[in-house]
Amino acid sequence: MNATRRAPLLAPSFLAADLANLQAETERLADSAADWLHFDVMDGRFVPNISFGLPVLQAVAKYAKQPIDVHLMIEEPQHYLAQFRDAGASSITVHYEACPHLHRVVQQIKQLGCRAGVALNPHTPVALLEDIAADLDVVLVMSVNPGFGGQAFIPNTLKKVAMLKELLVDCGSDALIEVDGGVSLANAGPLVEAGADVLVAGNFVFSAPEGPVATLARMRDYLTNLETAELNAGARRKQ
Ligand code: DX5
Ligand code: ZN
């Protein structure tokens, strides 16, 4: 791991929140260790599930203190970008597999003033991003097949994140690497060491008996300790 690594960000996923109490859920995250709020939109076509969309985002945005990170698991996302920005999105991530004209879609997101992200399904190789990497703000690596929360983390993701990190460095891209699906304290350390900058977590955060705020604080402490240990190890190597 290199010393220039950015401090990892935490992005709890609303998919696992209490959807009958979204105002309360958003408000209790306001003073938590969450850096972004992850908002999963599913259309029942790109993925075999339907979640929530524009009116719900607009409602959540009224109470949100952190930037809202919108993950569009939908076909033809280009038709809805401005509406998601207007509803409160700070970042908009579209799927590589859903965009034959990805370069245009990425430029459209940036022109709207949002962070532009591209998500890769577990079977999609990172090498396909070579010609777009320099234009991206975020690359989201799916560590489960998109569509549902609470699935098991796919171990190959670690190798994929490390390969993506190399590709981004080679392309001179500053894009953040975001990992989404089955993330918990069991894999957060290795993910960050492989190069992850943003950790999305749904069930691990919201289903924990101690609740999301305490769980996010525990994740933040763990990541801070990891960083301190690394800095100390780096300093020892220099002596
Ligand atoms: C899955 C979504 C994820 C999901 C993560 O399609 O993109 O953001 O909410 O949930 P967990 O952490 O429970 O796998
Ligand atoms: Zn997601």
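Modeller: Let's fix one word before we start: a residue is near a molecule or strand if one of its heavy atoms lies within 4 Å of it. This is a predicted model, where local features need pLDDT of at least 70, side-chain atom pairs need 80 or more, and totals for chains, interfaces and linings use all residues. Residues count from 1 along each chain as its sequence is written, chains are lettered from A and ligands numbered from 1 in written order, and side-chain values use heavy atoms, with hydrogens and water left out.

Biologist: Okay, which residues come nearest to ligand 1?

Modeller: Asp40, Gly147, Asp180, Gly182 and Gly202, out of 20 residues around ligand 1. By class, that shell holds eight nonpolar, ten polar and two charged residues.

Biologist: What makes the pair between Asp180 and ligand 1 a polar contact?

Modeller: A polar contact is a pair of N or O atoms within 3.5 Å; inside protein, one must be able to donate a hydrogen and the other to accept it, and sequence neighbours count only if both atoms are side-chain atoms. A side-chain N or O atom of Asp180 sits 2.6 Å from an oxygen atom of ligand 1, so the pair falls within that limit. Asn203 puts a side-chain N or O atom 2.9 Å from a ligand 1 oxygen, and a polar side-chain atom of Ser13 is likewise 2.9 Å from a ligand 1 oxygen. Alone, ligand 1 exposes 380 Å², and the protein buries 99% of that (Shrake-Rupley areas, 1.4 Å probe).

Biologist: How do you know which atoms coordinate the zinc ion (ligand 2)?

Modeller: Donors are N, O and S atoms within 2.8 Å of the metal, or 3.2 Å for Na, K and Ca. His38 (NE2), Asp40 (OD), His71 (ND1) and Asp180 (OD) coordinate the zinc at 2.0 to 2.3 Å, so they pass. Water isn't among the atoms, so sites may look incomplete.

Biologist: Why is the site of the zinc ion called octahedral?

Modeller: Six donors earn that name if opposite ones are over 155 degrees apart and all others between 65 and 115. Here six donor atoms give angles of 69 to 172 degrees, and the site comes out octahedral. Ideal values for six octahedral donors are 90 or 180 degrees.

Biologist: And why is Glu76 called partly exposed?

Modeller: Buried means under 20% relative accessible area, exposed over 50%, partly exposed in between. Glu76 has 45%, so it counts as partly exposed. Ser51, at 24%, is partly exposed as well, whereas His38 and Asp40 are buried.

Definitions and conventions: Ala, Val, Leu, Ile, Met, Phe, Trp, Tyr, Cys and Pro count as nonpolar, Asp, Glu, Lys and Arg as charged, and the others, Gly among them, as polar. Four donors count as tetrahedral if all angles lie between 85 and 135 degrees; four count as square planar and six as octahedral if opposite donors are over 155 degrees apart and all others between 65 and 115; anything else is irregular. Buried means under 20% relative accessible area, exposed over 50%, partly exposed in between (1.4 Å probe, protein chains only).
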